[in-house]
Each structure stands twice: as structure tokens, then as C-alpha cells.
Amino acid sequence: MDKLRLKKLLSYQKMILSQIALGVPLNAVLNDICLSIEEIFNSETAKCSILSLSGEQLFHCAGPHIHPGYRQAINGIKIGNNVGSCGTAAFLKKQVIVDDITTSVLWQNFQPLADQYQLKACWSTPIISSAAELLGTIAVYHSEPRVPTHQELELIDFFAHFTSIALEKNSESEKVKRLIANLTQSNNKFAAFTKVMPDLSLILSEEGEYIDIYGSSNDMLYRSVNEMLNQKVTDMLPSQDAEAVMSVIAKTLSTNDVQIFEYDLEIQGRFMTFEGRTACIDNYLAEDPQKKHIVWVARDITVRKKTEQEINRLAFFDPLTSLPNRRMLSDRLNMYVDVVKATTKTGALFFLDLDNFKRINDSLGHGAGDEILIEVASRLSNTIRNIDTLARVGGDEFVLLLECIGDGDEQAVIEAEHVANKLQNAFNDEFKLGELVFKVNCSIGICLIDENNSDPENILKYADTAMYRSKMNGGNRSHFYDPALQSLLDSQTEIESDIVRAIAANEFCAYFQPQVDKAAKVIGAEALIRWIHPTKGLISPNEFIPIAEQYGLLQSLQNIVLRDICSLLQVLNEKQVIDDTFKISINISHGQFSSATLPHTLFNTINEFNISASQIKLEITETMLSVDNASTVQQMDELQQLGFTFSIDDFGTGYSCLAHLSTFPVDELKVDKSFIDKILDKGAGFSILQTIINLGKSLNLAVVAEGAETQEQFELLQSVDITAVQGFYIAKPMSHSNYLTWHLGQ
Ligand code: C2E
Ligand code: MG
Ligand code: MG
């Protein structure tokens, strides 16, 4: 090679290598390689082209003087034996020199194409990578048949080497570019995901150091990301929480299992509950792949937790007083009796029922009743220990479960009595409702719980029974469960269901007992209820009225009596056998009397029968006058305005406050039979009768004697200033038709 050529060659080499190093686009480098070869060949006819291999196809990369038509024609050609110079060279991975295309078998299939572009010779050299892989071919065409010189072939090899460097470098940088693109894409995906991720993901080192924090919102972070990164959990969180997290980390690492835990944190003044999940991650840090890390995913479950708590509260707590409800009590009792069975300890269950609560509710309204219940709940709660369960199990019913109040029953009884006193003391202070101040008491029933008495249902029933005993003894007291009382109650419940049946079977009716004046003229009658039982015969009201009252059945019975009174009065009115002064008395019980609906009920019924209220006398007892003065007077005034009159039944037995008698709109006093029994011989009964008669006179009240059984009694009563007499001597209580016959016979 001459000097000039060598110089040229060296300068091209320098240029091409610097282009490769500088990252000039591959096409430009390859183009310059082609131009360099053509230039050094110093031949008018030499045209160079470079093809790259992809799979089994060759693609044109450069060939500045190759006709575009030819380039297009061979672009993508599949390599193989006899596929021109380049296709064959690539296939055989060795140089293929075709000095005359027209005669070459390799070009057999491409003659017309070579002719079209005046290509007569083609020398192709494979481009081999440093790893001995085929990258493409480099071809030199001539427009005349020509054999290359040895020097020319060396020159082509020389440039093939550069081309391989350029192609390799390019494929390297393509690879890097692809890698970067992939990395950017996965980073973008990760960023997009963490941006919307509701949870917080924290990466911690084994030592509890925050390494990375991912999450959409800072609202869940205890401190800002910057403050937390590279800091330790123990330096960030409150010590108790930090300890808990550290022990979870330790457990995650030792078990290699996912750990789930719950924790509360105050974040920006808001109490939040989180569910944390931790797991180990390997190879988190490229620089230290051996080091273990923990991923801690924190999920805000504050709302879910609150909802759960609310559901729990509604299911197990009374919404009014926030005390446990019956369900929770029964859960605790069930659990407790299991414990009791295995020990010698004794517990106790207290059943509390407020006295006269219904009256407060009825007269002052439910709002007032609710306030009382809330106050009662709070007072009772203050008297018990944390471990005791106080539940509200019904309207004004509370149950207190004391677990273990003694070793054995004797000690437990003493302790239970002590507790009962404390509970009762909670009612010592008056209850205030706005301006109103009043007393509320409670009746308590106690049932001890021990190995012999450990059936939850029975325990509740027994305490309830004992509470009834307190009620029956006047309320505001406590009683222990007594089996004898249970059998009494059982028979009462039987009677109660029999009453319900009997009402439907029309077994109740009113009997009528006449009242006569001193001249023996009938001036009225008392209606007395009777139960004509299909198997037991006539049952006295004393046997069923208290039970009916207790179970809320008295109203139905009273309606029967009132309707019977009205229908009798209707007949008497029609027959015109009575005058305006004739009245029939009806007994009104305590419960009915305090009911706000009484005037309405009475009035509606008499209107239905077209009976005047002046024909009805309401018998109430003295005890009803001694309670709650203001509302009693109000109730009586209302009834009086409707036209009803009042008689005080069994007068003399109720220790009524005589001084206050004048404040009530009373019309009549009915002297109790026990005094009439003792009036003969001018005994004690007689002087009491005299006193009552004088009282009646001074207050301008009628006085009726009841229970006169003999002629002597009647005659004596005629001799004093009595208004009327009622008793077996005149007539026994009679059915509607018997009474009518008797009345018409007078
Ligand atoms: P009470 O209102 O004092 O009625 C008088 C009771 O004395 C009646 O008993 C009557 O039969 C009885 N009696 C009347 N004269 C004599 C007599 O000469 N000798 C004797 N030994 N007894 C006489 P009864 O009917 O058994 O009623 C008992 C109580 O039951 C009544 O006492 C009353 O408190 C209550 N009662 C009766 N009917 C009703 C009713 O419809 N509603 C309510 N709430 N209570 C009623
Ligand atoms: Mg009566
Ligand atoms: Mg009476």
C-alpha cells in the first residue's frame, strides 16, 4: 500500500473510531465506513454497502451509492446457499467473492436485478462480533467483472472489523436504552400505584430504621416522610407503640411469617386505628443483599373499627343508659356459672325493679321516665365494682351480677345484704326533673349462685321471683329467693293464663248488690265482678283481682263490669223504675285510678250506652288518696267534671289523713264491714261508726254502711244518721236478671 493510501486509511480509522466513541448515530458511522472503503479503493466503479443480520434476514444499513431501487429489492432477503454474494456469505459465515455476476451460480436468481443496476462483481465479507457471532455483511460492488487484489481483501477485512465494533457498540447502547426504558416504565407503574394505594408501605431495617416510605397520603404518617426516613421506630413512636412494633418485627424475622396486628396512633390530633401487616423481604438493598428488611403495610381501619364498635354497642348495650343489655348479661352469666361449677365460691344475682316507675312514665311522659332511668343507672354504677356487671334488662328493670361474694353461702348472704343496702341507699337522694323533685325506690330480689344453683335461666327467674316478694311486701326492700314463693308464683301464672282464656270465653260478669236508705228504698247498687268458672264454679274477686292487676289484665275485666252496669241501667231507665238519684258503684283499682286514660275510657263506654255519668259512682280506697296529692286531685276533678261521683270504699281501714279529706272531691264514705260487724251492743264498732257519720256530716258527705247481715244491725243503722245500707241482710250480690227481678219486686 502506498504511503498516501495508508495515511488516508489511518485518518479514516481515527475518524470512524472517534465517531463510534462519541456515539454518532449508527447510520452515519456505517455510511462513512462505506464512503471510506469506496474512497480508498480509489475506483470509479466501487460501491459499498453494509447489511445487518436479524434472525435469518439481511437488512440494509448503509450504502450511499447503491441505488435505492436495488436496496429495496434485496432488503430483508433470507440468507442461504446461492443467495447472491451477501446471502451466501452470511449463510456460510465466510467471505464470498463473485468476480463476475453474470456467470456466478450464486447470482442465478438475481441476474435480471444485477443487470438492471449494472452490477457485475460483488465481494461480500461477513461481519463477525467479538463473541464470534454473525452481525451482517459488508459488500463491495463493481460495474465491471473484477477479481480483488489481496490488499483489497485485507482492506475490506479491516473495515469489517470497524463495522463490527460500530454494530456491537450500537446494540449495546440499544440494550441500555431498552433497559432504561423498561426501568422507567416500571418506576412509573410503581409511582402510579403508590399514588393511589390507600395503604402506607414502610420498609424497615432489622433494627427498626425507616428505609423507605411509600403511600399516597401523609395523613396516615406519624411524622413527615423526611423526618422519619433513616430514623428508628423507637425514636419516632410513643414508647409503648414502638415496643409493640419492635416485637412484631422480631417475630416476623424469627418466624418468617406474615404478622397481622392492630394499633392506635394519634395523628395530627386524630385518633386512628390501623391494621398492620409485616413480612420479611430479601435483597431489598442492592448494595447489601444479605441484609433483611421488613415491609410493614399500614391500613387505616378507623372507620371500620368505629362501625364495629357501634354494632357491638347496639348489640350488647342498652342505648339509653349505655349499660350492658340482657344479651350481654346472659353471656356473662353463662360464662360465670361455668366458673362457679369448678369452685366453692358463691356469687349473686340481684334483680332490681323500680317502684311506681310506671306512674312517673304515665304522668310525666317517657322523656321524664328516660331521665330517671339514666340517673338510676349512673347512681347504681357508682355503687358497684368494676368487675361487677350491671345490666338494664327491661323498662325499669336492672340486673346486677356479682361474681364471687363469698366462700360459701353464709358469707355470701351477709355480703349480698350489704350490697342490697348499698343499692337501696343509692335511692336515698330525691330525683330532680327540672322543678320537680320526687322519691324513687326500688325492690330487689337476690339469688345466690353456687354449684347447686348454676342454671342461668333459673337464677334469673329466682331473682325475679324474690323481687316480686319485695314488691308484694310493699316495695323498697330486698328479699332472697325462697322456693315456697316460687310455687305460689307458679300457681299465679297459671291463674293468669286462665284469666286470659276466661275473658275470651265470656266467663266474667258483674253481679249487683243493692243499697237501700233508712226507709228501705233502693237508692243504688254496687257492681261486683264474678268469675263463673266452668269447673271451679263461682270464684271470688279477691282470688283473681290482685293477679289480674299484677299482669295488666284488670282493664279488660273493668270494661266488662262497666258494660254490664250500663246495660242494667239502660233496662232500669227504660222501665222507669229508678229516679235521678239512683247510682251504680264500680270499684276502681289503684292501677286504673292512676292511669291517664281512665276518664276517657269511662266516658266513651257510658256514651255508647247513652248513660249519664251522674248514674255512676266510682269506689276508690283511702290509700289512693294518700299518695301524690296533686295528681290525684287533678284526676278526680277531671272525672267529677264529667259528672262522676266518688265513694271512699272500706273507709276507716286505710289510715287516711282525715285533715286532707276535704281537699278531694269526695261524695260518700263507705264504712268498712269490719266496723259494722262490731256495732251491736254499742261496742267499739259503734263509736267508730258515729265518728265517721259525724265526719261525713261536717264535710257534707253521704255515709254508707256495708256488710249488714242481720236485722239487728239494720235496725241499729236505721236509728243513726246513715245515708244507706248494703249487706246480705238486704240482698246478696245478684246476677243481672236476678237483680232485675229483685228490684222490680220492691
Ligand atoms: P268491696 O268493694 O268492699 O265489696 C264489698 C264486698 O263485701 C263484696 O265482696 C261483697 O260481696 C261483700 N259483702 C257485701 N255485703 C256483705 C255481707 O253482708 N256479708 C259479707 N260477708 N260480705 C258482704 P266481693 O264481691 O267478694 O268483692 C271483694 C272485693 O273485690 C271488693 O270489695 C272489691 O274491692 C273487689 N272487687 C269486686 N269487684 C270488683 C271490680 O269490678 N273491680 C275492682 N277493681 N275490684 C272489685
Ligand atoms: Mg266496693
Ligand atoms: Mg268495701
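1. Asn356 is partly exposed, at 48% relative accessible area. In this predicted model, Asn356 sits in the loop that runs between strand 12 (345-355) and helix 12 (357-364). Its backbone deserves a look. Phi of Asn356 is near 60 degrees, which is a positive value in a residue other than glycine.

2. Gln576 also has a positive phi, about 55 degrees, although it is not a glycine. Look for Gln576 in the loop between helix 18 (554-575) and strand 22 (583-587). Is Gln576 buried or exposed? Gln576 is exposed, with 70% relative accessible area.

3. Ser205 belongs to strand 7, residues 200-205. Ser205 counts as buried, with a relative accessibility of 1%. What does Ser205 touch, once its neighbours within four places in sequence are left aside? Its contacts are Ile211, Lys291, Lys292 and His293.

4. Now the metal sites. The magnesium ion (ligand 2) takes its protein donors from Glu526 (OE), Asn587 (OD1), Glu619 (OE) and Asp649 (OD). These donors lie 2.0 to 2.3 Å from the ion. Along the chain, the donors of ligand 2 follow the spacing E-x60-N-x31-E-x29-D. Two of these donors come from strands: Glu619 lies in strand 23 (residues 616-621), and Asp649 in strand 24 (residues 645-651). The pair therefore ties together parts that are 30 residues apart in sequence.

5. How accessible are those two strand residues? Glu619 is buried, with a relative accessible area of 1%. Asp649 counts as buried too, at 8% relative accessibility. The cut-off used here for buried is under 20% relative accessible area.

6. The magnesium ion (ligand 3) has Asp649 (OD), Asp650 (OD) and Glu706 (OE) as protein donors. They lie 2.0 to 2.5 Å from the ion. In sequence, the donor residues of ligand 3 are spaced D-D-x55-E. Asp650 is partly exposed, with a relative accessible area of 27%, whereas Asp649 is buried at 8%.

7. Which residue coordinates both magnesium ions, ligand 2 and ligand 3? It is Asp649. The two ions are 4.1 Å apart. A reader inspecting either site will thus meet Asp649, listed among the donors of ligand 2 and again among those of ligand 3.

8. Next, the whole chain. The protein has 26 helices and 27 strands. Its radius of gyration is 56 Å, well over the 27 Å that the globule rule gives for 746 residues, so the protein is more spread out than a compact globule. The C-alpha trace spans about 175 × 65 × 50 Å along its principal axes.

9. How much of the protein counts as buried? The share is 46% of the 746 residues. The accessible surface comes to about 37,500 Å². Carbon and sulfur atoms hold 51% of that surface.

10. Two further totals complete the picture. Take the contacts with a separation of 6 or more: residues 24 or more positions apart account for 61% of them. As for charge, the protein carries 62 positive and 96 negative charges. The mean positions of the two sets are 9 Å apart.

Key: Residues are numbered from 1 along each chain as its sequence is written. Chains are lettered from A and ligands numbered from 1 in the order in which they are written. This is a predicted model: local features need pLDDT of at least 70, side-chain atom pairs count only at pLDDT 80 or more; totals for chains, interfaces and linings use all residues. Side-chain values use heavy atoms; hydrogens and water are left out. Donors are N, O and S atoms within 2.8 Å of the metal (3.2 Å for Na, K and Ca); water is not among the atoms, so sites may look incomplete. Helices (H or I, at least four residues) and strands (E, at least two) are DSSP runs, numbered from the N terminus. Buried means under 20% relative accessible area, exposed over 50%, partly exposed in between (1.4 Å probe, protein chains only). The radius of gyration is taken over C-alpha atoms; the globule rule is 2.2 Å times the number of residues to the power 0.38. Contact means heavy atoms within 4.5 Å. Accessible areas come from the Shrake-Rupley method with a 1.4 Å probe; for residues, only the protein chains shown count as cover. Lys and Arg count as positive and Asp and Glu as negative; His and the chain ends are not counted. The place of a charge is taken as NZ of Lys, CZ of Arg, CG of Asp or CD of Glu.
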